[in-house]
Amino acid sequence: MDLFDYAREMNKEKEAPLAGRMRPTTLDEVVGQSHIIGKDKLLYRAIKADKLSSIIFYGPPGTGKTTLAKVIANTTKANFVQMNATTSGKKEMQEAVRNAKEALGMYQKKTILFIDEIHRFNKAQQDYLLPFVEDGTVILIGATTENPYFEVNQALISRSNVFQLYSLDKDDIKELIRRAVYDEEKGMGVYHAKITEEAMDFLADMAEGDARSALNAVELGILTTEPDKNGEIVLSLEVAQECIQRRVVRYDKDGDNHYDVISAFIKSMRGSDPDAAVYYLARMIDAGESVTFIARRIMICASEDVGNADPQAIQVAVAASQAVERIGLPEARIILAQAASYVACAPKSNSACMAIDDALKAVRSRKIGEVPNHLKDAHYKGAQKLGHGIGYKYAHDYPEHYVKQQYLPEELMGTTFYEPSDNGYEKKIKAYLEHIRNRED
């Protein structure tokens, strides 16, 4: 590095956003995540002793994954190489591995390779790293916002310790805000600004555990607020509200949170909680989720979890699906809320779902029986010579439009697939079936 590079790095550090400047450099400066970096925890001891094995940090944005990697960089005696999977490729990995081999072979010095957003690497790129992680050429630290058990190769997972990071709590965010406002070395302390308790509470609450969001708001507030008559910059509640006008919504339509929220939405409808169903619906709508995707989920739930306990539910869901496609947002929110609340409040039965699953299991695991001759099509030429349709009893010719006869193949005689529940309309279906089956003809 020449003088110009050094000067550039120094200026870059000074001019970095507040969230970047406030990154801790030691473990003692880290706020939150005590479940993995408390003083009696494995990761804390491993970092302190500089005895790290490959690890993967998994958690939402702004929870400290990169921060912990930087702390490791400042405490380890090993070479530390950082790359981001969105901008780096195999060429950069090959160079990092080549340098790591040289450092290990010539100086017996290990290399820690930190890959931010490791889930962005494809399978081939991840596979390339595997032998070098396995033989110790590099110690891998991966950071990801996505579930690593889905997004990272299982071979890498099995050779790494996975540490999950959680959203910071409100007190943690408030501590970081205090540091940001009053720290003169890394923070905004040189401006001699002040922040009110109401403003701090508001920012910590709106950040939803994302430290970066709170720090960005603090920086914006201090840099854009004029001093008062006493010459002081005061971050009041009004200023804070201008700096972060919307709550941070954790929802990535291609990520874990998408699946978590839709799962909670479906389970809330299934569990007959319309309040929770509408709440999760609101989260999806606010985050820009496709209304047609939401409508499909409601239709599935209406059939799978309500079924014949309320046959009207599937009609409401289908009508809602057609309506939202024609109308679109913002009015579609009302239609979806109506359908979701109806399905949530409807009596529940999964009997139809269980029936088809059991029938499919029978089809796939048992001998496929012959269709009884009297049920076979008798309309084509020569069918009657084969005995097809002979003996069939036309149900409408009998009392209550029902007559006992064999419908299942011989091999499945006596098998019951559909067992109506005692809920809602299905209770009437159950009573009707019991009545006609037990009727004396």
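**Helix packing, sheet order and enclosed space**

In this predicted model, the residues K90, M93, Q94, V97 and K101 of helix α6 are in contact with Q125, Y128, L129 and F132 of helix α7. Sorted by class, this contact between α6 and α7 is made up of 5 nonpolar, 2 polar and 2 charged residues. The axes of α6, which spans residues 90–107, and of α7, which spans residues 123–134, come within 10 Å and cross at roughly 5°. Angles under 35 degrees count as roughly parallel, and α6 and α7 are therefore roughly parallel to each other.

An open sheet is formed by 5 strands in the order β2-β3-β4-β1-β5, and the pairing of these strands is parallel. The edges are occupied by β2 (79–84) and β5 (161–164), each of which has a single partner strand, so one side of each is left without a neighbour in the sheet. From one strand to the next, the twist averages 15°. The edge strand β2 is joined to β3 (residues 111–116) by 6 bridges, the two strands running parallel; at one of these positions, N84 has D116 in β3 as its bridge partner. Helix α5, comprising residues 65–75, packs on the sheet and touches β1 (55–58), β2, β3 and β4 (139–144), while the direction of α5 makes about 145° with that of β1.

Enclosed space was examined next. The count comes to 1 cavity of 30 Å³ or more, and the volume of the largest cavity is about 30 Å³. The lining of this largest cavity consists of A199, L203, A217, V218, G221, L235, S236, V239, A240 and C243, to which the helices α11 (197–206), α12 (211–224) and α13 (237–243) each supply at least two residues. By class, the lining of the largest cavity divides into 8 nonpolar and 2 polar residues, with no charged residue.

Among the open spaces, the second largest pocket holds about 440 Å³. The second largest pocket is lined by 16 residues, of which Q405, Y407, L408, T415 and R437 lie nearest its centre. Helix α20, covering residues 426–437, provides the largest share of this lining, namely 3 residues. The lining of the second largest pocket comprises 10 nonpolar, 4 polar and 2 charged residues, whereas no charged residue is found in the lining of the largest cavity.

Methods. Residues are numbered from 1 along each chain as its sequence is written. This is a predicted model: local features need pLDDT of at least 70, side-chain atom pairs count only at pLDDT 80 or more; totals for chains, interfaces and linings use all residues. Side-chain values use heavy atoms; hydrogens and water are left out. On a 1 Å grid over the protein atoms alone, a cavity is a set of points where a 1.4 Å probe fits but cannot get out, and a pocket is an open set with protein on both sides within 12 Å along at least five of seven lines; lining residues have an atom within 4 Å of a point. Grid points are joined across faces, edges and corners, and a volume is the space filled by probe spheres set on the points. Helices (H or I, at least four residues) and strands (E, at least two) are DSSP runs, numbered from the N terminus. Ala, Val, Leu, Ile, Met, Phe, Trp, Tyr, Cys and Pro count as nonpolar, Asp, Glu, Lys and Arg as charged, and the others, Gly among them, as polar. Two strands pair if DSSP finds at least two bridges between them. Axes are lines fitted to C-alpha atoms, for helices over the stretch in contact, and angles run from 0 to 180 degrees between N-to-C directions. Contact means heavy atoms within 4.5 Å. Angles under 35 degrees count as roughly parallel, over 145 as roughly antiparallel, 65 to 115 as roughly perpendicular and the rest as oblique.
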